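Here is a friendly briefing to read with the model open in your viewer. Take a look at the structure, then work through the topics one by one.

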Amino acid sequence: MYTPSTKIFWFAIVSRLAILMLQVIFNALTPDHHADAFRRVLDPMEKVSLWDRIILFSFNGFTRWDGEYFLHVARYGYTYENTLAFYPLYPATIHILAGILSRVLPALNVQSTMIVAAVLINFVCFVKSAVTFYHLTEYVFRDVTTAYKAALLYCINPASIFFSAVYAESMFAYLTFYTVLASMKRTSILHFSFPLALSTLARSNGLVNIGFPVYFGLKHLCDLASAKGEKCRRKPSVQLVLHILKLITLRNCFDVLSAIIISIFPFLLLQVYIYVKFCASTLDKSLLPSHVLQYAMENNLILPGAKDSEWCNASMPLAYSYVQKTYWNVGFLRYYQLKQIPNFILAFPILYIMLRYVKEFVSEYRSELFLLGFFDSEARSESSTKMKKYPLNMFVFVIHGLFLTIFCLLFVHIQVSTRLLTSASPLIYWYCASAMSHECIDHSNRQYEIRENMYSKWKVFFLSQERYTLQDKLVLFYFVGYAIVGCFMFSNFLPWT
């Protein structure tokens with residue numbers, strides 16, 4: 001019999017194998033769309049063996065769209081200005097692992113080992129992230145069944161193809177869930193600062209995760225105040241803030257400041273590196289392969305040090321926002337055009353779920369909102385007869401999810417909302433898990449599945465139950481439908497989320 005976390009471990013593996021098979025089938029049966037997009041630069045002198053062709057057949061559907069950029073950066077580094085939109089942690093990890101694999105698999109060429117490395121990294125990161133997400137949800141809800149359902153939904157999430165493709169979603173999700181769980185458990189500073197620092201090098205929204213350890217650090221002070229018998233929840237909000245400030249010691253300040261510095265330092269170091277490479281140095285063309293230079297000439301791409309870009313002369317020279325605006329037209333309300341209506345429809349389900357979750361949480365905890373989720377209100381503590389649907393300690397997750405949702409609505413290409421939110425926020429999984437009809441069979445024995453399923457690595461309730469409610473059908477249709485259609489669209493170079 002398997003424990004819930006073990007079931008999640010095996011189901012995560014099965015889900016990745018299913019995505020792999022779907023990608024192979026769809027890529028083999030349907031001709032690729034000739035998209036006007038960046039293609040990774042291939043070495044014309046590189047030999048292609050039978051084993052390389054097998055690797056290409058098996059995994060080429062995972063290398064579309066942004067995957068082309070990540071593989072290029074992994075092999076050649078930041079050779080063009082437009083590649084600066086892709087953060088370095090994932091391609092650097094690919095480069096390192098590919099170097100190891102080249103010794104283990106000498107029959108493969110460099111490009112094949114890069115692809116194998118990229119797929120392996122995402123496979124491991126996804127499985128780790130699924131198990132970590134299960135433990136995070138169990139810690140928040142104090143309920144095995146909710147954690148089990150939410151983690152299963154994560155394994156079949158609507159953006160599943162991006163968690164297996166050559167994208168940073170799986171790595172970022174793992175680092176995010178690990179950081180949040182470590183912050184909630186109040187472990188050592190390095191325990192959550194190190195993965196938090198890495199997440200800022202994985203995706204641009206990794207900086208937003210800094211709010212979690214800061215928030216839970218303040219909440220820890222409030223818990224200490226409550227433990228000492230202080231009547232904190234009776235205080236007005238201004239007096240409450242002053243009371244918390246009195247509890248802050250020099251050590252608390254040092255811990256929070258250290259966590260912030262450790263977390264931000266790699267990101268700042270990256271900005272310095274990019275500035276020096278593109279704005280403060282001269283390009284030595286002998287350091288770049290001829291085919292890389294040729295591709296730049298054919299496509300009018302800006303090389304390091306070859307031309308002063310507008311962002312180099314800015315008061316705060318950050319390349320990311322400039323590159324996004326210049327090459328992808330990303331900016332405030334820039335995507336609000338009639339021709340983008342299909343993409344808004346594509347992103348509507350996840351945006352609706354996120355906003356609906358925020359609305360329900362706010363409705364449940366109106367009296368607690370001014371306390372920022374640090375304390376239960378007096379009304380709630382005296383009236384426990386009405387059971388709450390969501391725990392109060394989800395407050396910071398709701399604020400985090402609301403911020404990302406608003407950012408998606410106002411700034412990003414709207415269809416990207418699906419993969420951005422599914423890899424950064426747990427709210428969609430928590431909301432859909434609470435909507436599904438499956439309940440714990442035996443609370444005393446922690447029996448989260450029917451007995452037959454508990455002895456299987458891949459059998460789960462939504463694949464074996466006899467009756468489905470309307471909400472069950474809607475959730476499964478959205479998750480499984482988007483996962484399958486996404487595999488077809490993405491693997492054939494068709495636009496998707």
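The notes below cover aromatic pairs, charges over rings, a cavity, annotated spans and a few single residues.

This is a predicted model. A search of the whole structure finds 50 aromatic pairs, and two of the pairs are described below. The structure also holds one cavity of 30 Å³ or more, and a UniProt record adds transmembrane annotations.

**Aromatic pairs**

- A pair of aromatic rings is described by the distance of the centres and the angle of the planes.
- Among the 50 pairs found in the whole structure is the one formed by Phe-133 and Tyr-154, with ring centres 5.7 Å apart and planes at 45°. That angle falls between the cut-offs of 30 and 60 degrees, so the pair counts as tilted.
- The Phe-133 and Tyr-154 pair links distant parts of the chain, with the two positions 21 residues apart in numbering. Phe-133 belongs to helix α5 (residues 110-141), while Tyr-154 belongs to helix α6 (residues 144-155).
- Both Phe-133 and Tyr-154 are buried.
- Tyr-478 and Tyr-482 make an edge-to-face pair, at 4.8 Å centre to centre and with 70° between the planes.
- Where do Tyr-478 and Tyr-482 sit relative to each other in helix α22? They are four residues apart in that helix (residues 470-491), so about one helical turn separates them.
- Tyr-478 has a relative accessible area of 8% and Tyr-482 one of 13%. Buried means under 20%, so both tyrosines count as buried.

**Charges over rings**

- The charged end of Arg-142 is placed over the ring of Tyr-139, at 4.4 Å from the ring centre.
- Arg-419 lies over the face of Phe-162, and here the distance to the ring centre is 5.3 Å.

**The cavity**

- The largest cavity has a volume of about 30 Å³.
- Which residues line the largest cavity? The lining consists of Leu-84, Tyr-87, Leu-270, Gln-271, Ile-274, Ala-319 and Tyr-320.
- Helices α12 (250-279) and α14 (319-328) each supply at least two residues of that lining. The most comes from α12, which gives three residues.
- By class, six lining residues are nonpolar and one is polar, with no charged residues.

**Annotated spans**

- An unreviewed UniProt entry carries the annotation "transmembrane region" for residues 7-26, 84-102, 114-136, 156-181, 256-276, 341-358, 390-414 and 475-494.
- In the model, residues 156-181 are 69% helix and 0% strand, and the end C-alpha atoms of this span are 22 Å apart.
- Residues 341-358 are 100% helix and 0% strand, with 24 Å between the end C-alpha atoms.

**Positive phi in loops**

- Trp-65 has a phi near 50°, a positive value in a residue other than glycine. The residue lies in the loop between α2 (50-59) and α3 (66-76).
- The relative accessibility of Trp-65 is 25%, so Trp-65 counts as partly exposed.
- Leu-333 also has a positive phi, of about 60°, although it is not a glycine. Its place is in the loop between α14 and α15 (341-364).
- Is Leu-333 buried or partly exposed? Leu-333 counts as partly exposed, at 37% relative accessibility.

**Residues in helices and their distant partners**

- Pro-4 is in helix α1 (residues 4-29) and is buried, with a relative accessible area of 11%. Although Pro-4 and Thr-145 are 141 residues apart along the chain, their C-alpha atoms are separated by 8.6 Å.
- His-220 is found in helix α10 (residues 211-227). At 31% relative accessibility, His-220 is partly exposed.
- His-220 and Met-184 are 36 residues apart in sequence, and in space they are 8.9 Å apart, C-alpha to C-alpha.
- Ile-96, in helix α4 (residues 89-104), has a relative accessible area of 56%. Exposed means over 50%, so Ile-96 counts as exposed.
- Between the C-alpha atoms of Ile-96 and Met-114, 18 residues apart along the chain, the distance is 9.3 Å.

Notes
Residues are numbered from 1 along each chain as its sequence is written. This is a predicted model: local features need pLDDT of at least 70, side-chain atom pairs count only at pLDDT 80 or more; totals for chains, interfaces and linings use all residues. Side-chain values use heavy atoms; hydrogens and water are left out. Rings of Phe, Tyr and Trp (its six-membered ring) pair if their centres lie within 6.5 Å; planes under 30 degrees apart count as stacked, over 60 as edge-to-face and the rest as tilted. Buried means under 20% relative accessible area, exposed over 50%, partly exposed in between (1.4 Å probe, protein chains only). A charge sits over a ring if NZ of Lys or CZ of Arg is within 6 Å of the ring centre and within 35 degrees of the ring normal. On a 1 Å grid over the protein atoms alone, a cavity is a set of points where a 1.4 Å probe fits but cannot get out, and a pocket is an open set with protein on both sides within 12 Å along at least five of seven lines; lining residues have an atom within 4 Å of a point. Grid points are joined across faces, edges and corners, and a volume is the space filled by probe spheres set on the points. Ala, Val, Leu, Ile, Met, Phe, Trp, Tyr, Cys and Pro count as nonpolar, Asp, Glu, Lys and Arg as charged, and the others, Gly among them, as polar. UniProt positions are given in the numbering used here, feature names are shortened, and annotations may be inferred rather than shown by experiment.
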